[in-house]
Amino acid sequence: MENHGSSEMEIVPSESHSFIKLLKVNREHLVTHIRNTQCLLDNLLQNDYFSTEDAEIVCACPTQPDKVRRILDLVQSKGEEVSEFFLHVIQQLSDAYVDLRPWLSEIGFSPSPLIQSKAVVNTDPVSRYSQKLQQQLGQDSKFILCYAQKEELLLEQMYTDTVVELVNFSNESLGSLDSLACLLDATTGVLNEQGEIIFVFGDAGMGKSMLLQRLQSLWAAGQLDPGIKFFFHFRCRTLSCFKKSAALCLQDLLFKHYCYPEQDPGEVFAFLLRFPHTALFTFDGLDELHSDFDLSSEPDTSSPWEPAHPLALLASLLSGKLLKGARKLLTARTGVEVPRHLLWKKALLRGFSPSHLRAYTGRMFPERAVRQRLLDQLEANPNLCSLCAVPLFCWIIFRCFQHFHDTFESSPQLPDLTVTLTDIFLLVTEVHLNRTQPTSLVQQNTRSQTETLRAGRDTLCSLGRVAHRGMEKSLFVFNQDEVQASEVREGDLQLGFLRTVPELGLGEEQQSYEFFHLTLQAFFAALFLVVDDKVGTRELLRFFQEWTSPEEAVATSTCFPPFLPVQCLGGRGLHGEDPFKNKDHFHFTNLFLCGLLSKGKQKLLRHLVPTAALRRKRKALWTHLFASLRSHLKNLPRVQSGGFSQVQALPTFIWMLRCIFETQSEKAGQLAARGICANYLKLTFCNACSADCSALSFVLHHLRKRLALDLDNNNLNDFGVRELQPCFSRLTVIRLSVNQITDSGVKVLYEELTKYKILTFLGLYNNQITDVGAGYIARILDECKGLTHLKLGKNKITSEGGKSLALAVKNSKSIFEVGMWGNQIGDEGAKAFAEALRNHPSLTNLSLAFNGISTEGGKSLAWALQQNASLRIFWLTKNELDDEVAESFAEMLKVNQTLKHLWLIQNQITAKGIAQLAEALQKNTGIMEICLNGNLIKPEEAKVFEDEKRIVCF
C-alpha cells in the first residue's frame, strides 16, 4: 500500500542533514501526494539538475505514481543538493503540492542559502490560471466604462470612495466600511457565520457596479485577501441572454464563458471543487435578472458536472448547493431581500458625502480655476448639489458642466434655479446628439436644445423603441436583431447611448447592446411613450400599475414576467405577494414621463409631438396622477400617538413625491399638501436621499399647518438638510437621526430653526456631529424656548461640546429629555451636566451612557442630584463608574426621593458598592429600580441582594 498518512511517515532528525535519506524514508508518502510532476521537471531542467534525457525517461512512465518514483530515483542519484532543491520546489509551490504542506511543516524544512538563490518557476496549472485571471481582470478594470464610447478614464485616477455602511438584517447601521477589503474581513459586520453571500445594495446610480470594478482592480493588483485565488465576475442581466434550451455544466460556465485555463482545465476545476473557499464570485445586479425562464420547472442542480441552464447554475451557486464555501458578492437595487440563512454580510451604498463630492470634483477637474467655478455653482444651487450626491447623476452633471456653464453663466437667477432629473437627462441627450456636429477650437456648436432634439428625432424614436420594448419585458440587453428591428442606424450606435455588451458569447453568437445605465433606458422608454403619437392611454400609463394597492397589484401582475431573482434566492413567492416592489426601472420611467409631460417642457416637445397627441397624453397623465395621489394619501396607515395624528408613509409615497417634483407643478404640490391630513409625517427607512428633500419641500412648503417630520434612518446628509429649508417654518418636530449629517448641516438647522422658534423636538442621533455642531445645537436650545426633546447620541461630541450643551440645558426652562449616549464628554462634560442638574425645573430624562465618565465625573453627578427634584430617569450605562461613585449615589438616594430609574449597567462597581446602594434604599421609597447588570459582581455575591427587588444585578 502506498497510501500512508502523515502520522505514519518517518521523520528524519534534522541533525542528520541527509535529504537523500529523507526522500527515501518518505518515498511512498511523496508518491501518494504528488500529483503534478510537470512543475518538478520544469524546475529541475531550468536549473540544470536534469538533462533532456532525464525528462524523457520520466515522461515515458505510464502512470503518475510511476513518474514520481522515477523522479525520486533520479533526484536521489544526483546527490544531496538536488534532493534539497526538490524539497525547495515543493515548499515554494504550495498550491501545486497543497497536500504536502503539513509534512513540510512537520519536518521543519529550511533550505540553505545556495538553494534559496535558485530560481523556482511556477508552471502549476492552478497558479497559471490564477495569474491569467488577475491579468484579465486587471485589463478589464483598468479603465472606467464611460457613458460615451469616445472616452476612457483610468479607474485608478478617477475612482472616488462613497459612503458604504455595514448593516444588520433590519438594515440598521453597524458602522461605515473603512475600505473595500473589509467586505471580505471575517472580523467585522458578520451577520451569519454559516452564510456565504455578501449583499451590497443601494438605489440606482449609487455606484454598485463601480464598486465591483474597483474590487476587481484591487484583487488583480494583489491588494485583497491573498487566500482568494479565483475571481469570477458575472453581470446578471447578461445571464438572461441564454436561450431556454441552453445547458452547461459549471466548468463550462466558468471556463468557456469567462476565462479558459491555458493548461489542464480539469486539474484547475478539481482544485476549485476541493477548495471552494479560494474563490470569490461577484454577481452584479440581481434585480436586472429577468427572463421568462421558470426555475421552478428545473430540478435542483447540485452536481458540478451535470449540465443545467445557466440560471439554474446561478441559483445553485447562490444557495450553496454548488461550491459550498465559496464567497459570493451580490449587488442589487434597494428592495431586493436575500434570505437570512444565505447572508454573511450586508452593505448599503449611500452615495457621495460632501467630502467625497469635493474629492471627486478634484479628480474630474484638476485645473483649479475650472474646479472652483464648478464648486461655486454647486454651492449656489443646493438642488443641483443634492443630485450630485448620487454618483451617476454627478457624473452626468460633471460631463455636461461646460454646457451648464455656457447656458447659465450670465443668468443672475442661477442660485434659485431648480433642476430636475428630466432636465439632466435632456441635457445629456443634447450633448450626445451634438457629438455628430463638427466643432473646432474657434467655433462652438450653437444649435439650441430644441434644434438639436428636432434634428435627432428619428434617432430618439428608434432608441426609445428599443428601450420601451425592453422595459415591457424587464430586459436590459438587446441582440442585433432587436436593435435593427427598431430601426437603429449604425450612426446612432456611435453616439454613446447604447454600448456593446462586454461579455461576448454569453448565450448569443451575435453582438449584443445595452444602454449605459438603467436610468437612461427608462428615460428613452418615457420619451418613446411621449413622442410616438400611436401610443394610447393604456400603454402610456401601463407602468403606473406599480402605484396600485397590493390587492390590485396581484390582479394585474400577470402582464409582467415572473420575478426571477426571488426564484434564484430559493423563494417561490407567496400567494397575494406583490412581486414588483423593487422595480425601480418602472418608477424611473413614470418619473421621466411626468417630467417630459410637464408644462415647462411643452415648448420643447411641440417640435417633436403633434399638438393634439401631446394634449391628450398630458390630460391622461394628470388625471391618473391626481387620482392615484388622492387614493394613496387616503389609504396611508394612520395612528394616534403622543398627541399627534401620525401617518406612516410607504416607499411608493417617495416615488409619488419625486414625480410631483418632476412636474414642477404648484397645483400638484398643493394637492399633495392638502392630502396630508395628519400632523405627524413618518418617513423612516424609506431610503430617501438628499435629492428627495427637494421633492418633499416642494410639497410641504404648501402646508398651512404645523407638522412633525420624522426622517430617521435615511440618506439625507448635509445636502438634504439644505433642501429642507423651505419647510422649516412649519416644522415643530424634526427627526434626522442616522443620516450622515455633519456640522455643516447643523449650521443650516441653526440658521433656519432660530428664525421661527417653534421647534419642540430635535433628533440627530447617530450622525457625524462634532463639538462645532454641538455649539450650534446649544444655540438652538437657547433660542427655541419650547424645545423639550434633544437626541444627540452616537455622535462625535467631546468635553468641549458637552460643556456648551450642558450650559444651554442649564438655562432652558422647557427641556424635558436629553439623550447623549455614545459620545465622549468625559469627566469635564459630566461636571458641566452636574451643574445643569442642580435645581433644574424641567429636565426629566437624561442619558449620559457610554461617555467615558469615571470617578470624578460620576461623583459630581451624584452630588448634583441631591439638589434636583425634576429628574426621573438617569442612564449612566457603559461608563467607568466604581465603588466611590456608588457610595456617592447612595448618599444621594438618602436625600433625593424623586428619581425613579437609575441605570448603572456595565460599569466597574463591585459587591461593596452595591451593598451601599442597597443600604441607602432603606431610606428611599421613591426609586423603582437601580439596574446594575454587567458590573464586577459574581452570582453568589448577588444572592445577598435578592430580597431587595429594586436592585437588579442579572
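**Figure 1. Enclosed cavities in the predicted model.** On a 1 Å grid over the protein atoms alone, a cavity is a set of points where a 1.4 Å probe fits but cannot get out, and lining residues are those with an atom within 4 Å of a point. Grid points are joined across faces, edges and corners, and the volume is the space filled by probe spheres set on the points. By this rule the structure holds five cavities of 30 Å³ or more. The model is predicted, so that local features are taken only at pLDDT of at least 70 and side-chain atom pairs only at pLDDT 80 or more, while totals for chains, interfaces and linings use all residues. Residues are numbered from 1 along each chain as its sequence is written, and side-chain values use heavy atoms, with hydrogens and water left out.

**Figure 2. Close-up of the largest cavity**. The volume of the largest cavity is about 280 Å³, and of the 23 residues that line it, F393, L421, R658, A691 and D692 are the closest to its centre. Helices and strands are DSSP runs numbered from the N terminus, a helix being H or I over at least four residues and a strand E over at least two. Among these elements, α18 (382-387), α30 (584-596), α33 (651-663) and α35 (690-700) each contribute at least two residues to the lining of the largest cavity. Sorted by class, with Ala, Val, Leu, Ile, Met, Phe, Trp, Tyr, Cys and Pro taken as nonpolar, Asp, Glu, Lys and Arg as charged, and the others, Gly among them, as polar, the lining of the largest cavity has 14 nonpolar, four polar and five charged residues.

**Figure 3. Close-up of the second largest cavity**. The second largest cavity has a volume of about 40 Å³, and its lining is made by I654, L657, A688, C689, D692, C693, L696, L711 and L716. Two or more residues of this lining come from each of α33 and α35, and the largest share, three residues, is that of α35. By class, the lining of the second largest cavity has eight nonpolar residues, no polar residues and one charged residue.

**Figure 4. Close-up of the stacked pair F232 and F281**. Rings of Phe, Tyr and Trp (its six-membered ring) are counted as a pair if their centres lie within 6.5 Å, with planes under 30 degrees apart called stacked, over 60 edge-to-face and the rest tilted; a search of the whole structure finds 36 such aromatic pairs. The ring centres of F232 and F281 are 5.1 Å apart and their planes stand at 25°, so the pair is stacked. F232 belongs to strand β6 (residues 230-235) and F281 to strand β7 (residues 279-284), so the pair ties together parts that are 49 residues apart in sequence. A residue is buried under 20% relative accessible area, exposed over 50% and partly exposed in between (1.4 Å probe, protein chains only); F232 is buried at 0%, and F281 is likewise buried at 0%. Ring pairs link a cluster made of Y129, F230, F232, F234, F255, Y258, Y260, F269, F271, F275, F281 and F283.

**Figure 5. Arginine charges over tryptophan rings.** A charge is taken to sit over a ring if NZ of Lys or CZ of Arg is within 6 Å of the ring centre and within 35 degrees of the ring normal. R327 lies over the face of W344 at 3.6 Å from the ring centre, and R399 lies over the face of W395 at 5.6 Å from the ring centre.

**Figure 6. Close-up of helix α26 and of L460**. Helix α26 (residues 518-531) has 14 residues and spans 20 Å from its first C-alpha to its last, close to the 20 Å expected, where the expected span is 1.5 Å times one less than the number of residues. Of the 14 residues of α26, 14 are buried. L460, in helix α23 (residues 457-473), is buried at 5% relative accessibility, and its C-alpha atom is separated by 9.9 Å from that of A525, with their positions 65 residues apart along the chain.

**Figure 7. Two residues with positive phi.** Most residues other than glycine have a negative phi. N687, which is not a glycine, has a positive phi of about 60°; N687 lies in the loop between β15 (680-682) and α35 and counts as buried at 16% relative accessibility. F850, also not a glycine, has a positive phi of about 55°; F850 is found in the loop between β21 (845-847) and α41 (855-865) and counts as partly exposed at 34% relative accessibility.

Notes. On a 1 Å grid over the protein atoms alone, a cavity is a set of points where a 1.4 Å probe fits but cannot get out, and a pocket is an open set with protein on both sides within 12 Å along at least five of seven lines; lining residues have an atom within 4 Å of a point.
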